[in-house]
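Please open the structure in your viewer and keep the selection tool at hand. The tour below proceeds stop by stop, saying at each one what to select and what is there.

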Amino acid sequence: MTASVGAVAAQATAADAATQQAGVQQVAPREPGVQQVDPQEAGVQHAAPQEAGTQQAGTRQGATQKAAAKLSKAAKQRIKATTAVTVARKQIGDPYRYGASGPHAFDCSGLVMFSWRKAGVKLPRIAASQYRSIKKKISWKNLKPGDLMFFRGLGHVGMYVGKGKMIHSPNSGSRVRVDKLSGYRKSSFVGAVRPGM
């Protein structure tokens, strides 16, 4: 019995020696695929993506707010333009009278001034001054209802109402009416502006 105990002890000692020679250290087992990293380094590695994410979120939020403000401004302008067109249409049939700005009689610049004033936008009295005072210039192909269209060297103004038509008070002896924009109108077109921006 002593011999067998001694043999077991000798085998255990030999096994320990073999383990040490093989360079195996007795440490807590690792989880497969997990790399051990210094906890401080790990903290630094995690902090950077969070900061970047916060900055990106802030940038997106700022861009969204600017877009909303811009859309809001454009939406307000469209509401005013719709009001101005509605008011101008109510004047259809009123006579042209030089220097008149309503109610019940208008010249060309008087009609658009009257209509936009009802929409909450003040315009100068004279057509040329209306064109020069409004910063937002519009090309023929980008016209929207409510835009003011100028012709004959800024001597005449009408309001675009959509579908290739404008409302205006043409000249002495005529009345406020809606006309189709003909080739003649296009050839005498000087420019257009968008009030209320």
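A polar contact here is a pair of N or O atoms within 3.5 Å, where, within protein, one atom must be able to donate a hydrogen and the other to accept it. Please keep in mind throughout that this is a predicted model.

With that definition in hand, select histidine 168, which is found in strand E4, and display its side chain together with that of aspartate 179, since the two side chains make a polar contact at 2.7 Å. Histidine 168 is buried, because its relative accessible area is 0%, and buried means under 20%. If you then show the surroundings of histidine 168, leaving aside residues up to four places away in sequence, you will find that it touches Leu111, His156, Val157, Gly158, Arg175, Val176, Arg177, Asp179 and Arg185.

Next, move to serine 174, in the loop between strand E4 (165-168) and strand E5 (177-180). Serine 174 has a relative accessible area of 10% and is therefore buried; not counting residues up to four places away in sequence, it touches Pro95 and Tyr96.

Now turn to the largest nonpolar core, which has 28 residues, and select Trp116, Leu123, Leu148, Phe150, Val157 and Met159, the members that touch the most others. Two or more residues of this core come from each of helix H2 (39-90), helix H3 (108-118), helix H4 (127-133), strand E2 (148-151) and strand E3 (156-162), and H3 gives the most, with 6 residues. Apart from this core lies another, of 9 residues, among them Phe151, Met166, Phe189 and Ala192.

For the aromatic residues, of which a search of the whole structure finds 4 pairs, select tryptophan 140 and phenylalanine 189. Their ring centres are 4.9 Å apart and their planes stand at 80°, so the pair is edge-to-face. This pair links distant parts of the chain, 49 residues apart, with tryptophan 140 in the loop between strand E1 (137-138) and E2 and phenylalanine 189 in strand E6 (residues 189-193). Tryptophan 140 is partly exposed, with a relative accessible area of 23%. Adding Phe151 to the selection completes one aromatic cluster, formed by Trp140, Phe151 and Phe189.

Stay with phenylalanine 151 and show arginine 185, which lies over the face of that ring at 5.4 Å from the ring centre. As a last stop, select lysine 137, which lies over the face of tyrosine 131 at 4.5 Å from the ring centre.

Conventions
Residues numbered from 1 in each chain as written. Predicted model: local features only at pLDDT ≥ 70, side-chain atom pairs only at ≥ 80, totals over all residues. Heavy atoms only, no water. Helix = DSSP H or I, 4+ residues; strand = E, 2+ residues; numbered from the N terminus. Buried < 20%, exposed > 50% of the residue type's maximum accessible area, 1.4 Å probe, protein only. Contact = heavy atoms within 4.5 Å. Core = buried A, V, L, I, M, F, W, Y, C linked by side-chain atoms within 4.5 Å. Phe/Tyr/Trp six-rings, centres within 6.5 Å; stacked < 30°, edge-to-face > 60°. Lys NZ or Arg CZ within 6 Å of the ring centre and 35° of its normal.
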